[in-house]
Amino acid sequence: MKKKIRTGMTLAATVALAVSGYPYASLTGSYAFAEEKDTSAKEVTLRVCNWEEYIDLGDWDEDETIDLESGDIIGENSMVKDFEEWYYETYGVKVNVEYSTFGTNEDLYNMLTLGDVYDLVCPSEYMIMKLMAEDRLVPLSDHFFDETDENNYYSKGVSPYIRNIFENNEINGETWGKYAAGYMWGLTGIVYNPEEVSEEDARSWKILDNPDYKRQVTIKDNVRDSYFAAVGALKSDLLTSDSFRNDPDYRQKLVDEMNDTSPETIQAVQDYLQDVKNNAYSFETDSGKADMITGKVLANYQWSGDAVYTMDQAEEDGVFLDYAVPEESTNIYFDGWVMLKSGIGEDKDKQQAAEAFINFNSRPDNAIRNMYYIGYTSVISGGDDPRVFEYADWNYGAEDEEEETVDYDLAYFFTEDTDSEDYVITAPAEQARRQLYAQYPDADAMERSSIMIYFDDAQNQAINQMWVSVRCFNIHDVPAWIWTITAILVIVILVCLIRNMKKKHTQN
Amino acid sequence: MRKFSFSRKSLGVPYALFLFVFVIAPLLVLFYYAFTDGQGQFTIANLTGFFTNPNTLGTLCYSFALAIVTTAVCLLLAYPIAYILAFSNIKSKSVILMLFVMPMWINFSLRITALKEVLTVLEGNLAMHPFLNAVIGMTYDFLPFMILPIYTTISRLDKALREAAMDLGANEFETFLKITLPLSVPGIISGVSMVFLPAMTNYVVLDMLYNSTYIMGSLIGSYFAAYNWHGGSMIALILLGIICLFTLLTGGSEEENTRGGALL
């Protein structure tokens, strides 16, 4: 275990988030990395908007150097600054990146609707689908996919598994890959304390309403993740049945089942989530990680990147947590770069800079820097460049003295040749259910992964209504005695008021 | 002379501008969204929708209940403290008062996070008592806003009035009931309005203490997260209406009471 976490930075961010209070307050934080203007040459301004804490900001300590066989990697400057320098050196054009951040996909969408202009943004897959459907995106240029250009690191280095997903999913007859380049990806799963929770329980979405863990499990405070988990729990018997598993059309059927938005399913999900509300510890976005580490909760619905972070942090306190991918299905999610019509428009210089920004972040050493810094998994496998695999091995590979080891096969991610044996990590046995499993799930977990499509307006409305119903107190639930007391109180107050007024009247 | 009056007028321009940009204009936008639908057509469906939906009405009730209980607890705690402080002869009065107010100087989310840990120790599992936690959290947060106005009012009471009542044969309790309490009503009212209204909307306390039921503030947030700006604006507007109504009612009686005080 060589992995170290940038505790300082992440802690600072957590505190900043806590201080800023509510999720809606922390909409944006803008940092402009402006350089002195060079008046002689043309200058391109690139407005990038990314998730908070989602790119390497540099300033690593010397001892954080990642010493791979193919050379050392360290983040001295921020990725954005490095990009500006690299772009000038490579293309002789000055680029000025205005980098800002957003808190949720919905925040980003609302910001765009309000007229904020960005050239390049990094939303999740369903928001990309929504933006595609609304015809707001500029397609990636043909040159971007030209693998003979040595600077096209994305096309050369993206994992074949991810490329496949981007090419096989369509919106209005156009593939995702035409408009979007992946950045980070992961699966949803359950982080749990193996001393208190059995692996079997953690490997099912039904843990969320399992009375054995009453008020000791957290669920995500957003409608999409909660919906997915609820559907998984409700259809558990079907999804885990052999006949369904062995269906030749299993993958497609799984996606259909997990994205079922029929009125009956929505109603069933509502009932289920109401049970969960009475059984779970909390609906959380960020606090679950800390509550897991301090032991307030035993299991925690988590995105894989945050799962890695939680397990790392807990280990520093001497607590060893495990990660499980539910048997029913797991949500595979992406964040990807897309170019906006409202920003790029017809400006070819801008588009070139935007695509170069994607490529620069896809260069294996930079992908590794970002991964190391934020804890999520890059879509980049490196192509011919071995460094990404070396990094996974450097992170999780067993030391020589390790006694119990497993051979962990990641061929599905790193190569098209799935029979290849070049991508096997010999890892400590427990890593197969800890950080390695969360960061690079095995092929088995990937087999039962399903994307979650974006819902159209009608579906969205129905599902959001369902969510509000789950979260709100229903007036029909007000007990009769409260109505009675309220009525009596109102009458008493009215009588007092009237008597008072009469008294005043007679006094005058 | 002319020049002087001109410059005095122009001093008000920044304030007028401020009022327009940050108060009037947003309010107009709020009205626009509240009374239009997705196509920009005029509609009152958002208004009727609020009063026919059992969930939004339930949220209103829940917020009211939370605010009423919080305000009552704050009042019951604050009044005796303010009363004792105002009438005691201890020299360290201002120090004690400061101790009650001091938590306000510490960052809000830090205080609630600390409270979360304390409640976890006391209750075992925090998530078992969501309503109680919300009340405790809000009371902790808003108590100084109740103590200060009541203390100020009571300490400014004319002692002669109480002495007169005693001279005329009233005992301690009667003096309190007939002199001190009625005269401190303005302080109570300003305390209540400073606690009641934030308690209806401050959902951060609920979020941080894991009460997963929406109150008015979080309900508005959820509408905006679902891109329904129209419904969200309408709820904000209704809340504004409730606050206006509340202020009118209490403001009216406050005036009455000061007059009543003068009469006495």
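1. In which sense do strand 2 of chain A and strand 6 of chain A pair, and over how many bridges? In this predicted model, strand 2 of chain A pairs with strand 6 (residues 120-121) of chain A in the parallel sense, and the pairing runs over 2 bridges. Within that pairing, Val48(A) has Leu120(A) of strand 6 as its bridge partner.

2. Strand 2 of chain A, which covers residues 43-51, also pairs with strand 5 (residues 94-102) of chain A; these strands run parallel and are joined by 9 bridges. One of the partnerships here links Asn50(A) to Thr101(A) in strand 5 of chain A. Strand 2 of chain A is itself mostly covered, since 7 of its 9 residues are buried.

3. Strand 13 of chain A, at residues 299-303, is likewise worth following in the structure, and 4 of its 5 residues are buried. With strand 10 (residues 180-192) of chain A, strand 13 of chain A runs antiparallel, and 5 bridges join the two; Gly189(A) finds its bridge partner there in Gln302(A). With strand 11 (residues 217-220) of chain A, by contrast, strand 13 of chain A pairs in the parallel sense over 2 bridges, and in this pairing Val217(A) is matched with Ala299(A).

4. Ala299(A) deserves a second look, for it is named among the residues with the most contacts inside the largest nonpolar core, together with Leu208(A), Val338(A) and Phe357(A). That core has 189 residues, and the element that gives the most to it is helix 7 (residues 130-155) of chain B, with 12 residues. Neighbours within four places in sequence aside, the residues in contact with Ala299(A) include Ile190(A), Val191(A), Tyr192(A), Ala202(A), Ile207(A) and Val217(A). Val217(A) is thus a contact of Ala299(A) as well as its bridge partner.

5. Helix 17 of chain A spans residues 348-362, and its length can be checked: at 1.5 Å a residue, its 15 residues should span 21 Å, and because the end C-alpha atoms are 21 Å apart, the model agrees with that expectation. Helix 17 of chain A is mostly covered, with 12 of its 15 residues buried; among them are Ala353(A), Ala356(A) and Phe357(A), the last of which was named above for its contacts inside the largest nonpolar core.

6. Is Tyr87(A) buried or exposed? Tyr87(A), which has its place in helix 2 (residues 79-91) of chain A, is buried, because 21 other C-beta atoms lie within 10 Å and 20 or more are required for that label. Apart from residues up to four places away in sequence, Tyr87(A) touches Val93(A), Val95(A), Ala353(A) and Ala356(A), and of these Ala353(A) and Ala356(A) are buried residues of helix 17 of chain A. Between Tyr87(A) and Ile485(A), which are 398 residues apart in sequence, the C-alpha to C-alpha separation in space is 72 Å.

7. Asp142(A) offers a contrast in its surroundings, as it is placed in the loop between strand 7 (137-138) and helix 5 (153-157) of chain A. Asp142(A) counts as exposed because it has 7 C-beta neighbours inside 10 Å, and 12 or fewer is the limit for that label. Its C-alpha atom is separated by 9.3 Å from that of Lys178(A), a residue 36 places away along the chain.

8. Turning to the two chains together, 26 residues of chain A are in contact with 28 residues of chain B. On the side of chain A that touches chain B, the elements giving two or more residues are helix 1 (7-20), helix 3 (105-113), strand 12 (282-284) and helix 23 (457-471) of chain A. Helix 23 of chain A gives the most, with 5 residues, and the residues on this side divide into 12 nonpolar, 8 polar and 6 charged.

9. For chain B, an unreviewed UniProt entry places the feature "transmembrane region" at residues 12-35, 55-83, 95-114, 134-154 and 234-253. In the model, residues 12-35 of chain B are 92% helix and 0% strand, with end C-alpha atoms 33 Å apart, while residues 134-154 of chain B are 100% helix and 0% strand, with end C-alpha atoms 30 Å apart. UniProt also lists, again in an unreviewed entry, "domain: ABC transmembrane type-1" at residues 60-250 of chain B; over that span the chain is 81% helix and 0% strand, and the end C-alpha atoms lie 20 Å apart.

Definitions and conventions: Residues numbered from 1 in each chain as written. Chains lettered and ligands numbered in written order. Predicted model: local features only at pLDDT ≥ 70, side-chain atom pairs only at ≥ 80, totals over all residues. UniProt positions renumbered as here; feature names shortened; annotations may be inferred. Expected span 1.5 Å × (residues − 1). Pairing = 2+ DSSP bridges. Core = buried A, V, L, I, M, F, W, Y, C linked by C-beta atoms within 7 Å. Contact = placed C-beta atoms within 7 Å. Nonpolar A, V, L, I, M, F, W, Y, C, P; charged D, E, K, R; others polar.
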